[in-house]
Amino acid sequence: MLQEMDGKREPEARIYWMDVGVLADAVCFDGHYRMMSPERRKKVDACLFPKDKRLSLGAGILFDRGLIDYGLRGREILVAYGENGKPYLPEHPHIHYNLSHSGGMAMAVFADAEAGCDVERIRQADMELAEHFFTPQEYAYIAGQRQEMRDWAFYRLWTLKESFVKAVGAGLAMALDSFCITILPDGSIGNCPGPDGTEYEFWEYGGGGYWAAVCLKKG
């Protein structure tokens, strides 16, 4: 369902989270694994370490959970991939989704507009990485934070940029320093147009040592 605001249709999104630690129980893991599609089981099997297997399975569980709200199931639906690797549902073009996982957390977003999401466990900021992959303006934003806030600022920008790239559907074809996420003086996020000039909007979430962002295409 779309929300009507000033005569314009605003996108609606549903966000799902999962602490994959519950999948450390072998019975729980096996029960969910058997409910997955063959494609998801292959992704889980391809992971070398138990932690990564749990994350991949967790993403599959959230994918299935999101589809249930549309009356669908993951094992019964066709998933295709765009030229840059973004997954989509060719038989249900009105449903847009994206998945992410990090540390012990999996995340999914389902929306009626192009969507991207990213969740990251907050660790020590890698300033060399920021200088290489972020724009000078973004780097200055991180470096200008107090020491105790610098890690959060790094992962705030990282999740915002990753969610934007995934919403646009550019994948690795779009360099992270080819666009700039502007943090305004009041802490809000400035406008960020996509390659076609369409604007995107963001939501952010944090807690338990994680930070996450969701990006949706406007209009």
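In this predicted model, helix 6, residues 147-168, lies across strand 8, strand 9, strand 10 (199-207) and strand 11. Its course makes an angle of about 150 degrees with strand 8.

Those strands belong to an open sheet. Four strands form it, in the order 8-11-10-9, and the pairing is antiparallel. Strand 8 (115-121) and strand 9 (192-193) are the edge strands. Each of these two pairs on one side only.

Look next at how strand 8 meets its partner. Strand 8 pairs with strand 11 (residues 210-217) in the antiparallel sense, over seven bridges. One point of register: Gly-116 has Cys-215 in strand 11 as its bridge partner.

Strands of a sheet pair through backbone hydrogen bonds, either parallel or antiparallel.

Now turn to another sheet. This open sheet has three strands, ordered 3-7-6, with antiparallel pairing. Strand 3 (13-19) and strand 6 (96-102) stand at its edges. Each has a single partner strand, so one side of each is left without a neighbour in the sheet. From one strand to the next, the twist averages 15 degrees.

What joins strand 6 to strand 7? Seven bridges do, between strands that run antiparallel; strand 7 covers residues 105-111. Within this part of the sheet, His-101 stands opposite Ala-106 in strand 7.

A helix accompanies this sheet as well. Helix 3, residues 50-68, lies across strand 3, strand 6 and strand 7. Helix 3 runs at about 25 degrees to strand 7.

Terms used
Residues numbered from 1 in each chain as written. Predicted model: local features only at pLDDT ≥ 70, side-chain atom pairs only at ≥ 80, totals over all residues. Heavy atoms only, no water. Pairing = 2+ DSSP bridges. Axes fitted to C-alpha atoms, helices over the stretch in contact; angles between N-to-C directions. Contact = heavy atoms within 4.5 Å.
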